[in-house]
Amino acid sequence: MSCPRSSTMNCGHSEDAGVICQPHVRLAGSSKYYEGRVEAYKDGTWGTVCDHMWDIVDADVVCRMLGFDGAYEAYKGAHFGEGVGTIHYNGLQCNGNENRILHCPKSSGTCTHANDAGVRCKFMRLAGGSHRNEGRVELFNDTWGTVCDPEFGYLDGRQVARELSRSACIIRWNSPYIFGSGSGDIKMSNLACESYSLHDSIFDCPHSEGASQCTHSNDVSMRTNPGVRIYEDNRDGRGAVGVFREKMWSYVCANDWDIRDAHVVCREMKLTGGAVEATKIPRESLTTSSSSSLPIRGGYQCEGYESNIEDCERSSVPTTCPHYAGIVCQTLRLADGSSPHNGLLQVYKSGYFGGICADSWDTRDAHVACIQLGFAAGVLTTNRVTAGQARSSGLNWITKVWCGGLEKNIFDCPFEWDSCSRSEEVWVECRP
(Lines give C-alpha, C1' and ligand atoms only; values in the text may rest on other atoms or scores of the structure.)
Protein backbone atom coordinates (compact mmCIF):
# COMPACT_ATOMS: atom_id res chain seq x y z
CA MET A 1 0.00 0.00 0.00
CA SER A 2 3.05 2.30 -0.21
CA CYS A 3 2.55 2.90 -3.97
CA PRO A 4 1.21 6.28 -5.16
CA ARG A 5 -2.52 6.09 -5.84
CA SER A 6 -5.28 8.28 -7.15
CA SER A 7 -7.99 9.64 -4.91
CA THR A 8 -10.42 9.78 -7.84
CA MET A 9 -13.40 7.50 -7.20
CA ASN A 10 -15.06 7.79 -10.63
CA CYS A 11 -14.92 4.02 -11.06
CA GLY A 12 -17.45 1.18 -11.35
CA HIS A 13 -17.21 -2.56 -10.77
CA SER A 14 -17.03 -3.10 -14.51
CA GLU A 15 -13.49 -1.75 -14.19
CA ASP A 16 -12.40 -3.96 -11.29
CA ALA A 17 -8.73 -4.94 -11.64
CA GLY A 18 -7.40 -8.51 -11.47
CA VAL A 19 -4.10 -10.32 -11.60
CA ILE A 20 -2.79 -13.77 -12.48
CA CYS A 21 0.12 -14.56 -10.19
CA GLN A 22 2.94 -16.86 -11.20
CA PRO A 23 3.65 -19.77 -8.84
CA HIS A 24 6.59 -19.29 -6.54
CA VAL A 25 8.42 -22.22 -8.13
CA ARG A 26 9.91 -22.86 -11.57
CA LEU A 27 11.88 -25.58 -13.35
CA ALA A 28 15.32 -24.80 -14.78
CA GLY A 29 18.23 -26.60 -16.38
CA SER A 30 16.27 -28.61 -18.96
CA SER A 31 15.01 -27.95 -22.47
CA LYS A 32 11.74 -29.67 -21.56
CA TYR A 33 9.08 -27.63 -19.78
CA TYR A 34 7.91 -30.52 -17.56
CA GLU A 35 11.21 -31.31 -15.85
CA GLY A 36 14.16 -29.55 -14.35
CA ARG A 37 15.93 -28.22 -11.29
CA VAL A 38 13.45 -26.88 -8.72
CA GLU A 39 13.85 -23.19 -8.04
CA ALA A 40 11.77 -21.20 -5.55
CA TYR A 41 11.10 -17.46 -5.30
CA LYS A 42 11.68 -16.11 -1.81
CA ASP A 43 12.67 -12.74 -0.37
CA GLY A 44 12.78 -11.18 -3.82
CA THR A 45 15.18 -13.69 -5.44
CA TRP A 46 15.12 -17.08 -7.13
CA GLY A 47 17.05 -19.85 -5.43
CA THR A 48 17.25 -23.64 -5.29
CA VAL A 49 15.93 -26.41 -3.04
CA CYS A 50 18.32 -28.84 -1.32
CA ASP A 51 17.72 -32.56 -1.79
CA HIS A 52 18.00 -33.40 1.94
CA MET A 53 14.83 -35.42 2.73
CA TRP A 54 13.72 -34.79 -0.88
CA ASP A 55 11.31 -37.45 -2.20
CA ILE A 56 8.35 -38.02 -4.49
CA VAL A 57 5.91 -36.47 -2.01
CA ASP A 58 7.76 -33.14 -2.12
CA ALA A 59 8.00 -33.41 -5.91
CA ASP A 60 4.23 -33.95 -6.17
CA VAL A 61 3.59 -30.67 -4.35
CA VAL A 62 5.97 -28.75 -6.64
CA CYS A 63 4.40 -30.18 -9.81
CA ARG A 64 0.87 -29.45 -8.63
CA MET A 65 1.91 -25.84 -7.96
CA LEU A 66 2.85 -25.66 -11.65
CA GLY A 67 -0.51 -27.09 -12.77
CA PHE A 68 0.56 -30.69 -13.45
CA ASP A 69 -1.20 -33.75 -12.02
CA GLY A 70 1.81 -34.59 -9.87
CA ALA A 71 5.32 -35.93 -10.32
CA TYR A 72 6.72 -38.95 -12.11
CA GLU A 73 10.11 -38.69 -10.44
CA ALA A 74 12.07 -36.83 -7.76
CA TYR A 75 15.76 -36.31 -8.54
CA LYS A 76 18.68 -35.67 -6.21
CA GLY A 77 22.29 -34.66 -6.69
CA ALA A 78 21.86 -31.76 -9.15
CA HIS A 79 20.47 -34.06 -11.85
CA PHE A 80 19.71 -31.02 -14.01
CA GLY A 81 22.91 -29.17 -13.18
CA GLU A 82 23.89 -26.97 -10.29
CA GLY A 83 22.04 -23.74 -9.69
CA VAL A 84 23.51 -20.44 -8.54
CA GLY A 85 22.72 -18.00 -5.78
CA THR A 86 20.87 -18.77 -2.59
CA ILE A 87 19.67 -22.20 -1.48
CA HIS A 88 16.28 -21.16 -0.15
CA TYR A 89 15.26 -24.47 1.43
CA ASN A 90 17.74 -26.89 2.97
CA GLY A 91 15.13 -29.62 2.96
CA LEU A 92 11.38 -30.13 2.61
CA GLN A 93 9.25 -32.69 4.43
CA CYS A 94 5.88 -32.28 2.72
CA ASN A 95 2.95 -34.48 3.71
CA GLY A 96 1.55 -34.39 0.17
CA ASN A 97 -1.64 -32.44 0.80
CA GLU A 98 -0.04 -28.98 0.78
CA ASN A 99 -0.89 -26.50 -2.00
CA ARG A 100 2.50 -24.76 -1.77
CA ILE A 101 5.94 -25.78 -0.57
CA LEU A 102 5.78 -22.75 1.72
CA HIS A 103 3.32 -24.79 3.83
CA CYS A 104 5.57 -27.86 4.04
CA PRO A 105 7.63 -28.56 7.17
CA LYS A 106 11.28 -27.64 6.64
CA SER A 107 14.47 -29.32 7.78
CA SER A 108 17.80 -27.69 8.52
CA GLY A 109 21.36 -28.59 7.64
CA THR A 110 24.30 -27.72 5.46
CA CYS A 111 23.81 -27.98 1.71
CA THR A 112 25.60 -27.05 -1.52
CA HIS A 113 24.39 -26.71 -5.09
CA ALA A 114 25.67 -30.24 -5.71
CA ASN A 115 22.54 -31.24 -3.79
CA ASP A 116 20.03 -29.25 -5.84
CA ALA A 117 16.69 -31.08 -6.17
CA GLY A 118 14.88 -31.77 -9.43
CA VAL A 119 11.57 -33.18 -10.70
CA ARG A 120 9.90 -34.69 -13.73
CA CYS A 121 6.21 -33.75 -13.72
CA LYS A 122 3.24 -35.66 -15.11
CA PHE A 123 2.55 -33.83 -18.36
CA MET A 124 0.43 -36.55 -20.01
CA ARG A 125 -2.72 -38.40 -18.98
CA LEU A 126 -5.49 -40.65 -20.28
CA ALA A 127 -8.89 -38.98 -19.85
CA GLY A 128 -12.47 -40.17 -20.23
CA GLY A 129 -11.83 -43.86 -19.51
CA SER A 130 -13.18 -46.06 -16.73
CA HIS A 131 -9.68 -46.54 -15.25
CA ARG A 132 -6.20 -45.04 -15.56
CA ASN A 133 -5.05 -47.48 -18.27
CA GLU A 134 -7.43 -46.23 -20.94
CA GLY A 135 -8.72 -42.97 -22.31
CA ARG A 136 -8.12 -40.00 -24.55
CA VAL A 137 -4.46 -38.89 -24.68
CA GLU A 138 -4.03 -35.39 -23.27
CA LEU A 139 -0.98 -33.16 -22.76
CA PHE A 140 -0.47 -30.37 -20.25
CA ASN A 141 1.26 -27.15 -21.26
CA ASP A 142 -0.34 -24.28 -19.30
CA THR A 143 -3.68 -26.02 -19.96
CA TRP A 144 -4.73 -29.59 -20.79
CA GLY A 145 -5.35 -30.38 -24.45
CA THR A 146 -5.53 -33.32 -26.83
CA VAL A 147 -3.28 -35.10 -29.33
CA CYS A 148 -4.74 -35.32 -32.84
CA ASP A 149 -3.44 -37.77 -35.41
CA PRO A 150 -5.41 -39.38 -38.27
CA GLU A 151 -2.60 -41.95 -38.68
CA PHE A 152 -1.72 -42.78 -35.08
CA GLY A 153 0.44 -45.91 -35.43
CA TYR A 154 2.03 -48.67 -33.37
CA LEU A 155 5.32 -46.84 -32.76
CA ASP A 156 3.44 -43.70 -31.70
CA GLY A 157 1.35 -45.69 -29.24
CA ARG A 158 4.45 -47.41 -27.87
CA GLN A 159 6.14 -44.06 -27.15
CA VAL A 160 3.00 -42.60 -25.54
CA ALA A 161 2.64 -45.67 -23.31
CA ARG A 162 6.20 -45.24 -22.06
CA GLU A 163 5.57 -41.58 -21.28
CA LEU A 164 2.62 -42.73 -19.17
CA SER A 165 4.85 -45.23 -17.30
CA ARG A 166 3.22 -48.18 -19.07
CA SER A 167 5.33 -50.82 -20.76
CA ALA A 168 3.05 -51.34 -23.78
CA CYS A 169 0.07 -50.02 -25.74
CA ILE A 170 -2.56 -52.75 -26.11
CA ILE A 171 -4.90 -51.02 -28.57
CA ARG A 172 -5.19 -47.51 -30.02
CA TRP A 173 -7.84 -45.38 -31.74
CA ASN A 174 -7.86 -42.08 -33.61
CA SER A 175 -11.56 -41.34 -33.33
CA PRO A 176 -13.81 -39.96 -30.55
CA TYR A 177 -16.24 -42.89 -30.53
CA ILE A 178 -14.65 -44.75 -27.60
CA PHE A 179 -13.82 -42.04 -25.03
CA GLY A 180 -15.38 -38.94 -26.57
CA SER A 181 -13.96 -35.84 -28.20
CA GLY A 182 -11.68 -33.55 -26.27
CA SER A 183 -12.25 -29.85 -25.83
CA GLY A 184 -10.05 -26.82 -25.85
CA ASP A 185 -6.68 -26.75 -27.54
CA ILE A 186 -5.13 -29.49 -29.64
CA LYS A 187 -1.59 -29.49 -28.23
CA MET A 188 0.07 -31.84 -30.74
CA SER A 189 -0.78 -33.36 -34.12
CA ASN A 190 0.71 -35.62 -36.80
CA LEU A 191 2.91 -37.59 -34.41
CA ALA A 192 5.37 -39.75 -36.36
CA CYS A 193 7.65 -41.79 -34.09
CA GLU A 194 9.75 -43.63 -36.67
CA SER A 195 12.17 -45.73 -34.63
CA TYR A 196 11.74 -48.91 -32.60
CA SER A 197 14.31 -47.40 -30.22
CA LEU A 198 12.43 -45.38 -27.64
CA HIS A 199 13.02 -41.64 -27.55
CA ASP A 200 13.73 -39.81 -24.31
CA SER A 201 10.52 -37.85 -24.86
CA ILE A 202 7.52 -37.87 -27.16
CA PHE A 203 8.60 -34.38 -28.23
CA ASP A 204 11.69 -35.94 -29.81
CA CYS A 205 9.44 -37.66 -32.38
CA PRO A 206 8.53 -35.66 -35.51
CA HIS A 207 5.25 -33.85 -34.87
CA SER A 208 3.36 -30.62 -35.41
CA GLU A 209 2.67 -28.14 -32.64
CA GLY A 210 -1.00 -27.36 -32.26
CA ALA A 211 -3.82 -28.54 -34.52
CA SER A 212 -2.15 -28.20 -37.94
CA GLN A 213 -5.49 -28.66 -39.77
CA CYS A 214 -6.42 -31.52 -37.43
CA THR A 215 -9.73 -31.57 -35.54
CA HIS A 216 -11.07 -33.22 -32.39
CA SER A 217 -12.69 -35.87 -34.60
CA ASN A 218 -9.22 -37.44 -34.77
CA ASP A 219 -8.27 -37.14 -31.10
CA VAL A 220 -6.04 -40.05 -30.12
CA SER A 221 -7.15 -42.61 -27.51
CA MET A 222 -5.53 -45.79 -26.27
CA ARG A 223 -5.59 -48.63 -23.80
CA THR A 224 -2.38 -49.76 -22.11
CA ASN A 225 -1.31 -52.60 -19.88
CA PRO A 226 -1.02 -51.96 -16.12
CA GLY A 227 2.15 -50.39 -14.80
CA VAL A 228 2.66 -53.32 -12.41
CA ARG A 229 3.60 -56.98 -12.85
CA ILE A 230 4.73 -60.02 -10.88
CA TYR A 231 8.18 -61.63 -11.25
CA GLU A 232 9.78 -64.90 -10.31
CA ASP A 233 7.14 -67.57 -10.04
CA ASN A 234 5.84 -70.16 -12.45
CA ARG A 235 2.33 -69.60 -11.11
CA ASP A 236 0.59 -66.41 -12.11
CA GLY A 237 -0.54 -64.30 -9.19
CA ARG A 238 2.43 -64.70 -6.84
CA GLY A 239 6.00 -63.45 -6.79
CA ALA A 240 8.01 -60.24 -6.57
CA VAL A 241 6.27 -56.98 -7.46
CA GLY A 242 7.58 -54.97 -10.40
CA VAL A 243 6.55 -51.39 -11.24
CA PHE A 244 7.17 -49.63 -14.54
CA ARG A 245 8.51 -46.10 -14.04
CA GLU A 246 10.92 -43.89 -15.93
CA LYS A 247 10.66 -46.22 -18.96
CA MET A 248 11.92 -49.30 -17.11
CA TRP A 249 10.81 -52.04 -14.72
CA SER A 250 11.94 -51.94 -11.10
CA TYR A 251 11.50 -53.95 -7.93
CA VAL A 252 9.83 -52.35 -4.90
CA CYS A 253 11.56 -52.20 -1.54
CA ALA A 254 9.53 -54.06 1.11
CA ASN A 255 10.50 -51.95 4.14
CA ASP A 256 6.94 -50.56 4.47
CA TRP A 257 5.10 -53.31 2.54
CA ASP A 258 1.84 -54.78 3.89
CA ILE A 259 -1.43 -56.39 2.81
CA ARG A 260 -3.03 -53.04 1.91
CA ASP A 261 -0.31 -52.37 -0.67
CA ALA A 262 -0.68 -55.92 -1.99
CA HIS A 263 -4.46 -55.51 -2.42
CA VAL A 264 -3.93 -52.44 -4.61
CA VAL A 265 -1.40 -54.19 -6.84
CA CYS A 266 -3.65 -57.24 -7.32
CA ARG A 267 -6.61 -55.05 -8.23
CA GLU A 268 -4.54 -52.99 -10.66
CA MET A 269 -3.72 -56.26 -12.42
CA LYS A 270 -7.50 -56.92 -12.59
CA LEU A 271 -7.26 -59.69 -10.01
CA THR A 272 -10.43 -58.45 -8.39
CA GLY A 273 -10.26 -60.95 -5.53
CA GLY A 274 -7.40 -58.90 -4.11
CA ALA A 275 -4.40 -60.24 -2.24
CA VAL A 276 -4.18 -63.40 -0.21
CA GLU A 277 -0.83 -62.41 1.30
CA ALA A 278 1.80 -59.67 1.27
CA THR A 279 5.27 -61.21 1.30
CA LYS A 280 8.81 -59.97 1.72
CA ILE A 281 11.26 -61.75 -0.56
CA PRO A 282 14.94 -61.87 0.48
CA ARG A 283 16.98 -59.90 -1.99
CA GLU A 284 19.60 -62.62 -2.38
CA SER A 285 16.98 -65.15 -3.49
CA LEU A 286 16.59 -63.28 -6.80
CA THR A 287 20.26 -62.66 -7.54
CA THR A 288 20.48 -65.56 -9.99
CA SER A 289 17.35 -64.63 -11.93
CA SER A 290 17.22 -63.02 -15.35
CA SER A 291 15.66 -59.92 -13.78
CA SER A 292 18.17 -59.60 -10.92
CA SER A 293 19.69 -56.46 -12.44
CA LEU A 294 16.48 -54.44 -12.09
CA PRO A 295 16.78 -51.26 -10.00
CA ILE A 296 14.92 -50.83 -6.72
CA ARG A 297 12.16 -48.29 -6.10
CA GLY A 298 11.08 -46.83 -2.80
CA GLY A 299 8.10 -48.30 -0.99
CA TYR A 300 4.40 -47.45 -0.96
CA GLN A 301 2.00 -46.78 1.89
CA CYS A 302 -1.49 -47.53 0.57
CA GLU A 303 -4.75 -47.29 2.49
CA GLY A 304 -6.02 -50.29 0.53
CA TYR A 305 -8.90 -48.68 -1.38
CA GLU A 306 -6.80 -47.08 -4.15
CA SER A 307 -7.36 -48.26 -7.73
CA ASN A 308 -3.67 -48.16 -8.61
CA ILE A 309 -0.34 -48.08 -6.80
CA GLU A 310 0.53 -44.58 -8.01
CA ASP A 311 -2.36 -43.17 -5.99
CA CYS A 312 -0.62 -44.35 -2.82
CA GLU A 313 1.84 -42.34 -0.78
CA ARG A 314 5.40 -43.08 -1.89
CA SER A 315 8.72 -43.07 -0.07
CA SER A 316 12.32 -42.72 -1.16
CA VAL A 317 14.64 -45.66 -1.72
CA PRO A 318 16.15 -46.48 1.69
CA THR A 319 19.88 -46.79 2.25
CA THR A 320 19.48 -50.52 2.77
CA CYS A 321 16.77 -52.76 1.37
CA PRO A 322 17.20 -56.44 2.35
CA HIS A 323 13.79 -57.53 1.01
CA TYR A 324 11.73 -57.00 -2.14
CA ALA A 325 7.96 -56.57 -2.01
CA GLY A 326 6.04 -59.71 -2.94
CA ILE A 327 2.41 -60.70 -3.26
CA VAL A 328 0.12 -63.68 -3.55
CA CYS A 329 -3.03 -62.65 -5.44
CA GLN A 330 -6.31 -64.53 -5.58
CA THR A 331 -6.20 -66.22 -9.00
CA LEU A 332 -9.59 -67.96 -9.00
CA ARG A 333 -13.06 -66.55 -9.45
CA LEU A 334 -16.64 -67.66 -10.02
CA ALA A 335 -18.11 -65.88 -13.05
CA ASP A 336 -21.59 -65.55 -14.57
CA GLY A 337 -23.31 -67.17 -11.59
CA SER A 338 -26.65 -66.39 -9.98
CA SER A 339 -24.97 -65.66 -6.62
CA PRO A 340 -21.46 -64.96 -5.27
CA HIS A 341 -20.99 -68.64 -4.40
CA ASN A 342 -21.69 -70.23 -7.81
CA GLY A 343 -20.61 -69.83 -11.40
CA LEU A 344 -18.07 -70.79 -14.02
CA LEU A 345 -14.77 -71.49 -12.28
CA GLN A 346 -12.03 -69.42 -13.90
CA VAL A 347 -8.30 -69.11 -13.33
CA TYR A 348 -5.99 -66.16 -14.03
CA LYS A 349 -3.09 -66.41 -16.46
CA SER A 350 -1.04 -63.82 -18.35
CA GLY A 351 -3.44 -60.99 -17.65
CA TYR A 352 -6.71 -62.78 -18.40
CA PHE A 353 -9.19 -65.10 -16.70
CA GLY A 354 -10.06 -68.33 -18.48
CA GLY A 355 -12.10 -71.42 -17.77
CA ILE A 356 -11.06 -74.84 -16.43
CA CYS A 357 -11.77 -77.92 -18.55
CA ALA A 358 -13.89 -80.71 -17.07
CA ASP A 359 -11.60 -83.57 -18.14
CA SER A 360 -10.91 -85.59 -14.92
CA TRP A 361 -12.67 -82.90 -12.81
CA ASP A 362 -14.55 -84.10 -9.71
CA THR A 363 -15.77 -82.91 -6.29
CA ARG A 364 -12.30 -83.13 -4.72
CA ASP A 365 -10.99 -80.57 -7.23
CA ALA A 366 -14.04 -78.37 -6.67
CA HIS A 367 -13.60 -78.63 -2.88
CA VAL A 368 -10.05 -77.29 -3.12
CA ALA A 369 -11.27 -74.46 -5.36
CA CYS A 370 -14.02 -73.46 -2.91
CA ILE A 371 -11.59 -73.47 0.03
CA GLN A 372 -9.18 -71.29 -1.97
CA LEU A 373 -12.03 -68.86 -2.70
CA GLY A 374 -12.72 -68.53 1.02
CA PHE A 375 -15.75 -70.81 1.35
CA ALA A 376 -14.70 -72.77 4.44
CA ALA A 377 -17.50 -75.33 4.10
CA GLY A 378 -16.21 -76.41 0.70
CA VAL A 379 -18.17 -77.53 -2.35
CA LEU A 380 -21.90 -78.08 -2.64
CA THR A 381 -22.02 -79.35 -6.22
CA THR A 382 -20.04 -79.22 -9.45
CA ASN A 383 -20.76 -80.20 -13.04
CA ARG A 384 -19.82 -79.68 -16.65
CA VAL A 385 -21.54 -76.52 -17.89
CA THR A 386 -25.04 -76.85 -19.27
CA ALA A 387 -26.10 -75.20 -22.52
CA GLY A 388 -27.48 -72.24 -20.58
CA GLN A 389 -24.29 -71.82 -18.53
CA ALA A 390 -21.73 -72.01 -21.37
CA ARG A 391 -19.99 -68.85 -22.56
CA SER A 392 -20.23 -67.70 -26.17
CA SER A 393 -16.62 -66.50 -26.17
CA GLY A 394 -13.52 -66.41 -24.02
CA LEU A 395 -10.45 -68.39 -23.04
CA ASN A 396 -9.85 -71.54 -21.04
CA TRP A 397 -6.50 -72.36 -19.55
CA ILE A 398 -6.09 -75.67 -17.73
CA THR A 399 -7.31 -79.27 -17.87
CA LYS A 400 -6.80 -82.62 -16.15
CA VAL A 401 -6.76 -81.15 -12.64
CA TRP A 402 -6.12 -83.98 -10.14
CA CYS A 403 -6.50 -82.82 -6.53
CA GLY A 404 -6.51 -85.09 -3.50
CA GLY A 405 -8.90 -82.76 -1.68
CA LEU A 406 -6.59 -81.53 1.09
CA GLU A 407 -4.65 -78.95 -0.93
CA LYS A 408 -5.16 -75.24 -0.17
CA ASN A 409 -4.55 -73.98 -3.72
CA ILE A 410 -5.60 -75.49 -7.00
CA PHE A 411 -2.11 -74.86 -8.36
CA ASP A 412 -0.78 -77.28 -5.74
CA CYS A 413 -2.62 -80.06 -7.62
CA PRO A 414 -1.29 -81.79 -10.75
CA PHE A 415 -2.77 -80.23 -13.91
CA GLU A 416 -1.94 -79.48 -17.55
CA TRP A 417 -1.95 -76.18 -19.42
CA ASP A 418 -4.32 -76.91 -22.30
CA SER A 419 -7.63 -75.76 -23.76
CA CYS A 420 -11.00 -77.28 -24.62
CA SER A 421 -14.31 -76.19 -26.07
CA ARG A 422 -16.30 -73.80 -23.88
CA SER A 423 -19.04 -76.40 -23.54
CA GLU A 424 -16.55 -78.55 -21.57
CA GLU A 425 -15.77 -76.03 -18.83
CA VAL A 426 -16.67 -76.62 -15.19
CA TRP A 427 -19.40 -75.03 -13.09
CA VAL A 428 -19.03 -74.94 -9.32
CA GLU A 429 -21.36 -74.10 -6.45
CA CYS A 430 -19.69 -73.63 -3.07
CA ARG A 431 -21.37 -73.91 0.31
CA PRO A 432 -22.04 -70.32 1.49
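This section describes the domain layout, one domain interface, and selected side-chain pairs of a predicted model.

The domain assignment divides the protein into domain 1 (25–122), domain 2 (124–224), domain 3 (228–328) and domain 4 (332–431). For domain 1 and domain 2, the centres, taken over C-alpha atoms, are separated by 29 Å. Ten residues from domain 1 and twelve residues from domain 2 take part in the contact. About 920 Å² of area is buried between domain 1 and domain 2, and carbon and sulfur atoms give 44% of this area.

Polar and charged interactions across this interface were then examined. Between domain 1 and domain 2, five residue pairs are in polar contact, counting pairs with both residues at pLDDT 80 or more. On the side of domain 1 that touches domain 2, the residues comprise five nonpolar, one polar and four charged. Two salt bridges are found across the interface of domain 1 and domain 2. A salt bridge joins Arg120 and Glu163, with 3.0 Å between the closest N and O atoms.

In the whole structure, the search finds 13 salt bridges. One of these is formed by Arg26 and Glu39, whose closest N and O atoms are 2.8 Å apart. This pair links distant parts of the chain, with Arg26 in strand 1 and Glu39 in strand 2, 13 residues apart.

Aromatic pairing was also assessed, and the count comes to 20 aromatic pairs. For Tyr33 and Phe123, the ring centres lie 6.5 Å apart and the ring planes are at 75 degrees; the pair is therefore edge-to-face, since planes over 60 degrees apart count as such. Distant parts of the chain are linked by this pair, its two residues being 90 residues apart. Tyr33 is located in the loop between strand 1 (25–28) and strand 2 (35–42), whereas Phe123 is located in the loop between strand 6 (118–121) and strand 7 (124–128).

Key: Residues are numbered from 1 along each chain as its sequence is written. This is a predicted model: local features need pLDDT of at least 70, side-chain atom pairs count only at pLDDT 80 or more; totals for chains, interfaces and linings use all residues. Side-chain values use heavy atoms; hydrogens and water are left out. Domain bounds come from an automatic or database domain assignment. Contact means heavy atoms within 4.5 Å. Buried area is the accessible area (1.4 Å probe) that two parts lose on being put together, summed over both. A salt bridge is a side-chain nitrogen of Lys or Arg within 4 Å of a carboxyl oxygen of Asp or Glu. A polar contact is a pair of N or O atoms within 3.5 Å; within protein, one must be able to donate a hydrogen and the other to accept it, and residues adjacent in sequence count only if both atoms are side-chain atoms. Ala, Val, Leu, Ile, Met, Phe, Trp, Tyr, Cys and Pro count as nonpolar, Asp, Glu, Lys and Arg as charged, and the others, Gly among them, as polar. Rings of Phe, Tyr and Trp (its six-membered ring) pair if their centres lie within 6.5 Å; planes under 30 degrees apart count as stacked, over 60 as edge-to-face and the rest as tilted. Helices (H or I, at least four residues) and strands (E, at least two) are DSSP runs, numbered from the N terminus.
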